[in-house]
Amino acid sequence: MQEDIRLLNDLYANKKLLSFSNNALEQMDTAFVDPLDPEENIRSLSATTSAETRGLINGHLAINRVIRAEVWLALKLRRSAIAALLELLVEEYYAAADIKPSPTYQSLLLGELAQQAAVYNSESEEASSTAEKDGTSV
């Protein structure tokens with residue numbers, strides 16, 4: 001998860017990350033999410049936030065202790081899309097596996113006998129052609 005966050009933070013810093021909030025979060029002052037918050041609430045700083053608290057939050061943003069809200073939304077969307085893709089692949093795999101009939105014992109036995117007969121016939125033909133060349137009979 002840390003690699004995903006770093007990638008998305010880099011995209012955000014270079015202004016290449018798409019806005020999944022319709023730019024609603026840009027109106028908030030330093031919108032962020034604490035990843036340890038089970039409710040994943042988006043928080044922001046107010047105009048009356050002290051410089052010390054603002055510096056602390058910026059420090060936490062730098063070390064990914066808290067994550068910018070735009071990055072968090074992109075991360076959630078990215079992970080949801082990957083999970084949905086994997087679920088679809090698994091479903092398609094099992095659907096394809098259900099379509100293919102598994103062979104019965106009788107069909108396997110018939111196949112084995114047919115292969116043995118083919119091998120026996122080819123060996124007999126080789127022996128016959130070798131005998132004809134040598135002038136001997138089989």
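## Getting oriented

Helices (H or I, at least four residues) and strands (E, at least two) are DSSP runs here, numbered from the N terminus. With that in hand, Asn64 can be placed in the loop between helix H2 and strand S3 (67–68). Keep in mind that what you're looking at is a predicted model.

Overall, the protein chain has 4 helices and 3 strands. Read from the N terminus on, the elements run α-β-β-α-β-α-α. The chain has 138 residues, of which 20% count as buried.

## Helix H2 and what follows

Let's start with a regular piece. Helix H2 covers residues 51–62, which is 12 residues. From its first C-alpha to its last, helix H2 reaches 16 Å, close to the 16 Å expected at 1.5 Å a residue.

After H2 comes Asn64, whose phi is positive, near 60°.

## Two residues with a positive phi

Most residues other than glycine have a negative phi. Which residues go the other way here? Asn64 is one of them: its phi is positive, about 60°, although Asn64 is not a glycine. Asn64 sits in a loop, the one between H2 and S3, and counts as buried at 11% relative accessibility.

Thr30 has a positive phi too, of about 55°, and Thr30 is not a glycine either. This residue is part of strand S1. Is Thr30 buried or exposed? Thr30 is buried, because its relative accessible area is 17% and the cut-off for buried is under 20%.

## Salt bridges between H1 and H3

The structure holds 6 salt bridges. In one of them, Arg78 pairs with Asp4, and the closest N and O atoms are 3.3 Å apart. This pair links distant parts of the chain: Arg78 belongs to helix H3 and Asp4 to helix H1 (residues 2–13), 74 residues apart. Asp4 also forms a salt bridge with Arg79, where the closest N and O atoms are 3.6 Å apart. Asp4 lies in H1 and Arg79 in H3, so this pair ties together parts that are 75 residues apart in sequence.

How open are these three to the outside? Asp4 counts as buried, at 17% relative accessibility. Arg78 is partly exposed, with a relative accessible area of 32%, and Arg79 is partly exposed as well, at 39%.

## Another pair, and a network

Elsewhere, Arg43 forms a salt bridge with Asp37, with 3.6 Å between the closest N and O atoms. Asp37 is buried, its relative accessible area being 11%, while Arg43 is partly exposed at 38%. Which residues do salt bridges with shared partners join into one network? They are Asp4, Arg78 and Arg79.

## Along helix H3

Helix H3 spans residues 69–99, and it's worth a look at two of its residues. Val71 lies in this helix and counts as buried, at 0% relative accessibility. What separates the C-alpha atoms of Val71 and Asn9? The distance is 6.3 Å, though the two residues are 62 apart along the chain.

Further on in H3 you'll find Leu86. Leu86 is partly exposed, with a relative accessible area of 48%. That residue is also part of a nonpolar patch on the surface, formed by Ile82, Leu85, Leu86 and Leu89. Together, the four have about 380 Å² of accessible area.

## The largest pocket

Rolling a probe the size of a water molecule over the atoms shows where empty space is left. How much space lies in the largest pocket? About 290 Å³. The lining of this pocket is made up of 15 residues, and the closest to its centre are Tyr12, Leu25, Glu26, Arg68 and Glu70.

Strand S1 (29–33) contributes at least two residues to the lining of the largest pocket, and so does H3. You've met both elements already: S1 holds Thr30, and H3 holds Val71.

Notes: Residues numbered from 1 in each chain as written. Predicted model: local features only at pLDDT ≥ 70, side-chain atom pairs only at ≥ 80, totals over all residues. Heavy atoms only, no water. Patch = residues over 30% accessible without salt bridge, like charges linked within 9 Å, V, L, I, M, F, W, Y side chains within 5 Å. Areas by Shrake-Rupley, 256 points an atom, 1.4 Å probe, with all protein chains shown as cover. Salt bridge = Lys/Arg side-chain N within 4 Å of Asp/Glu carboxyl O. Buried < 20%, exposed > 50% of the residue type's maximum accessible area, 1.4 Å probe, protein only. Expected span 1.5 Å × (residues − 1). 1 Å grid on protein atoms, 1.4 Å probe; cavity = no way out; pocket = protein on both sides within 12 Å on 5 of 7 lines; lining within 4 Å. Points joined across faces, edges and corners; volume = space filled by probe spheres on them.
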